[in-house]
Amino acid sequence: MSLPPAFKKQLEGLVRVLPAPEKEVDALYVFTEDTFKVWVDSVFEAKGGFDPTNRSHRMVKEALYGAATTLEIDSAARISLPEHDRKKAHLDREVTVVGGDDRLVIWDRETYAARQAETEDILADFFD
């Protein structure tokens, strides 16, 4: 997959690709190495911080790191998304790449369009 030109300068070298762990999100997250670690830490901060003596905390952290694939961006600013990640996120040929605060999100184009329709209603209610 070719990265959009707007993101090529921001991403270089290695990235971490993670199937979105949220049940309602069928997408892939793309992080830099640094932002992935910060994101994982923030997941635990929301739960009061990582407790290495807590078995479920250790399991979640291991699962996140285990599910994240480290990929190299080639000289043409492309990454080769693993088939198992594409299947998990229901990605076929047509995708939409969206930039977020700390990551790119890769969606199936139709899934993203449906989500955008829902988001418009939520935005209208939020600012009403």
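**Pocket, cores and salt bridges**

Val 98, Gly 99, Gly 100, Val 105, Trp 107, Tyr 112, Arg 115, Gln 116 and Thr 119 line the largest pocket. Strand S4 (95-99), strand S5 (104-108) and helix H5 (109-126) are the elements that each put two or more residues into that lining. Keep in mind that this is a predicted model. Besides the pocket, there are two nonpolar cores to look at, one of them with 17 residues and another with 15, plus 6 salt bridges.

**The pocket**

- The volume of the largest pocket comes to about 160 Å³.
- H5 supplies the largest share of the lining, with 4 residues.
- Sorted by class, the lining splits into 4 nonpolar, 4 polar and 1 charged residues.

**The nonpolar cores**

- In the largest nonpolar core, which has 17 residues, the members touching the most others are Val 15, Val 17, Ile 79 and Leu 81.
- Strand S1 (14-19), strand S2 (27-32) and S5 are the elements giving two or more residues to this core.
- Take Ile 79: leaving out residues up to four places away in sequence, Ile 79 is in contact with Met 1, Leu 3, Val 15, Val 17, Leu 71, Glu 72 and Ile 73.
- Another core, of 15 residues, lies apart from the largest one, and its members include Ala 27, Phe 36, Leu 64 and Trp 107.
- Trp 107 turns up twice here, as a member of that 15-residue core and in the lining of the largest pocket.

**The salt bridges**

- Arg 16 pairs up with Glu 33, with 3.3 Å between the closest N and O atoms. Arg 16 sits in strand S1 and Glu 33 in helix H2 (residues 33-45), so this bridge ties together parts 17 residues apart in sequence.
- How buried or exposed are the two partners? Arg 16 is buried, at 15% relative accessible area, while Glu 33 is partly exposed at 29%.
- Glu 94 and Arg 109 form a salt bridge too, their closest N and O atoms being 2.5 Å apart. Since Glu 94 is in the loop between helix H4 (83-88) and S4, and Arg 109 is in helix H5, the pair links parts that are 15 residues apart in sequence.
- Glu 94 is partly exposed, with 46% relative accessibility, and Arg 109 is also partly exposed, at 41%.
- Then there's Arg 78 with Asp 74, whose side chains meet at 2.8 Å, N to O. Arg 78 is partly exposed at 41% relative accessible area, and Asp 74 counts as partly exposed at 30%.

How values were computed:
Residues are numbered from 1 along each chain as its sequence is written. This is a predicted model: local features need pLDDT of at least 70, side-chain atom pairs count only at pLDDT 80 or more; totals for chains, interfaces and linings use all residues. Side-chain values use heavy atoms; hydrogens and water are left out. On a 1 Å grid over the protein atoms alone, a cavity is a set of points where a 1.4 Å probe fits but cannot get out, and a pocket is an open set with protein on both sides within 12 Å along at least five of seven lines; lining residues have an atom within 4 Å of a point. Grid points are joined across faces, edges and corners, and a volume is the space filled by probe spheres set on the points. Ala, Val, Leu, Ile, Met, Phe, Trp, Tyr, Cys and Pro count as nonpolar, Asp, Glu, Lys and Arg as charged, and the others, Gly among them, as polar. A nonpolar core is a set of buried Ala, Val, Leu, Ile, Met, Phe, Trp, Tyr and Cys residues joined through side-chain atoms within 4.5 Å. Buried means under 20% relative accessible area, exposed over 50%, partly exposed in between (1.4 Å probe, protein chains only). Contact means heavy atoms within 4.5 Å. A salt bridge is a side-chain nitrogen of Lys or Arg within 4 Å of a carboxyl oxygen of Asp or Glu.
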